Amino acid sequence: MGFDTVIRGARVVTSGVVSTCDIGITAGRIAALGTGLDAPEIIDATGLIAMPGGIDSHVHVSQPSGPGVEMADDFASATRAAACGGNTCVMPFCLPEDGQTLREAVAAYLAKAEGQCLTDVSFHLIVKSVDPVTLGQDLPALIAQGMTSFKVFMTYQGMRLTDAEILQVMAVAREQGALTLVHAENEDAIEFLRDKAERDGRIQPVHHARTRPIPVEREATHRATTLAEVADVPVMIVHVSNGAALEEIERAQARGVRVFAETCPQYITLTADDLDRAGFEGAKWVCSPPPRDTGEQAAIWAGLERGAFDVFSSDHCPFRFADPAGKDAPGARASFRNIPNGIPGVETRLPILFSEGVSKGRISLETFAALTATNHARIYGLESKGSIAVGKDADIVLWDPTLTRPITQDALHHGSDYTPWEGFEVTGWPVRTILRGQTVMLDGDPVGTATGQHIARAKPGVTP
Ligand code: URP
Ligand code: ZN
Ligand code: ZN
């Protein structure tokens, strides 16, 4: 058989197995796994590990973020950063502007992404309104077009849905075979705490974390899983930050509810103390749910080690720090309430988990592949992606497990002007990212042209 490219001699992580072999690639797909394979292009990967290209199923790109506020990444910079961080596919959220329908928003996002992307992209939807057009027309039409998952929020003014509304959305998910993602924090409880903090003059960034304590996430997680139970649908609880919320998920699973769980690098490496840095510096770490403490980091690690989490995503939501259109938005210094929520992380997600998980011996290579690619593909219906197997897209990332260097802003490629992980020491870096057979990152730098495509997805694989 003639191959276009052969990756030779890597330790290859396939579903549940690690073995040293060659990977033959033809027309952008994996055509063979074996030994002694030959092709006009040979990539010598001796000493490297070949993993399925990372799929980051939780990123925010060019998302409307309020008057005067702008996200730091467009599709070109977000996917450039993603590729440099070992990803071959990202899943951004499509949020309608006020007055825009969901279908109009999707058309606008597709136009923004067209011709810009160094990785593939596949959109989730955000449902912030349960009007008849959204539920009766737009969702069914978009699900049929392969956007088979949508997020609902229990927090954020202007975005949150009531329980009754979430049930209506879940009913559509059930009817159409889509997956509902839930941001689980109790907005009324947050508002109560936030008002009190402001009345008392506690307005610094750290009070973002103190007014979103664990009980507001735990309660909402319980409610979200219960609503899924009532509606009889699977649900994904995104960005789980602590052990109590994870316990709610596991209790629901024990009752037979199909609950998936996601966590992110911030919940295993950062703490609320990061938001307590001098002056306004803490704004760099403002995200929701907020990072907790080292005890909760340990609880999240325990969950990762026992297989309680299905996916590990970044929740990349980048703003510039020294920018009135970013973290320093009007009113942000007068109250934490006005600091845009979110941190950049699409480029650092995989190195952080590899270093803290694989290099430190907490998780195996196979678990790493499952948490960063294979499970994302299965759960969200990315049928051609997520594993190194014959017939799949040749989306492959080569890792040097011995390379040690700190994360630094000057080596990153995102649009933000800082990283929350400045100086964080990492052992194990991706050195080559291959998208459908074409190299898009080499030795830390983006290469090649923007051939990323929007991927229509199958119905979610919802059997845990
Ligand atoms: O603070 C965060 N996580 N911002 C992004 C939006 C979200 O809730 O995922
Ligand atoms: Zn969220
Ligand atoms: Zn998010």
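In the predicted model, both His58 and Asp315 are buried. These two residues belong to the coordination sphere of the zinc ion (ligand 3), whose protein donors are His58 through NE2, His60 through NE2 and Asp315 through OD. The donor atoms of these residues lie 2.0 to 2.1 Å from the metal. The site of the zinc ion (ligand 3) has 4 donor atoms and is tetrahedral, with angles of 89 to 126 degrees among them. A second metal, the zinc ion (ligand 2), is located 3.8 Å from the zinc ion (ligand 3). Along the chain, the donor residues of the zinc ion (ligand 3) follow the spacing H-x1-H-x254-D. His58 is part of strand S6 (residues 54–59), whereas Asp315 falls in the loop between strand S14 (311–312) and helix H11 (349–359), so the pair ties together parts that are 257 residues apart in sequence.

Packing between helices was examined for H8 and H10. Two packed helices are described by the angle between their axes and the distance between the axes. For helix H8 (residues 243–254) and helix H10 (residues 294–305), the angle is about 30 degrees and the axes are 9 Å apart. Because angles under 35 degrees count as roughly parallel, H8 and H10 are assigned to this class. On the H8 side the contact is made by Gly243, Ala244 and Leu246, and on the H10 side by Glu296, Ala299 and Gly303.

Arg212 occupies the loop between helix H6 (206–210) and helix H7 (214–231). With a relative accessible area of 3%, Arg212 falls under the 20% limit and is therefore buried. The side chain of Arg212 forms a polar contact with the side chain of Glu185 at 3.1 Å. Beyond residues up to four places away in sequence, Arg212 touches Glu185 together with Thr155, Tyr156, Ile190, Arg194, Ser288, Pro290, Arg292 and Asn341.

Tyr380 is a residue of helix H12 (residues 365–380). The relative accessible area of Tyr380 is 0%, and this residue is therefore also classed as buried. When residues up to four places away in sequence are left out, the contacts of Tyr380 comprise Ser57, Met91, His124, Thr148, Ser149, Leu179, Leu181, Met236, Arg457, Ala458 and Pro460. Ile352 is 28 residues from Tyr380 in sequence, and the C-alpha atoms of Tyr380 and Ile352 are separated by 23 Å in space.

Notes:
Residues are numbered from 1 along each chain as its sequence is written. Chains are lettered from A and ligands numbered from 1 in the order in which they are written. This is a predicted model: local features need pLDDT of at least 70, side-chain atom pairs count only at pLDDT 80 or more; totals for chains, interfaces and linings use all residues. Side-chain values use heavy atoms; hydrogens and water are left out. Helices (H or I, at least four residues) and strands (E, at least two) are DSSP runs, numbered from the N terminus. Buried means under 20% relative accessible area, exposed over 50%, partly exposed in between (1.4 Å probe, protein chains only). A polar contact is a pair of N or O atoms within 3.5 Å; within protein, one must be able to donate a hydrogen and the other to accept it, and residues adjacent in sequence count only if both atoms are side-chain atoms. Contact means heavy atoms within 4.5 Å. Donors are N, O and S atoms within 2.8 Å of the metal (3.2 Å for Na, K and Ca); water is not among the atoms, so sites may look incomplete. Four donors count as tetrahedral if all angles lie between 85 and 135 degrees; four count as square planar and six as octahedral if opposite donors are over 155 degrees apart and all others between 65 and 115; anything else is irregular. Axes are lines fitted to C-alpha atoms, for helices over the stretch in contact, and angles run from 0 to 180 degrees between N-to-C directions. Angles under 35 degrees count as roughly parallel, over 145 as roughly antiparallel, 65 to 115 as roughly perpendicular and the rest as oblique.
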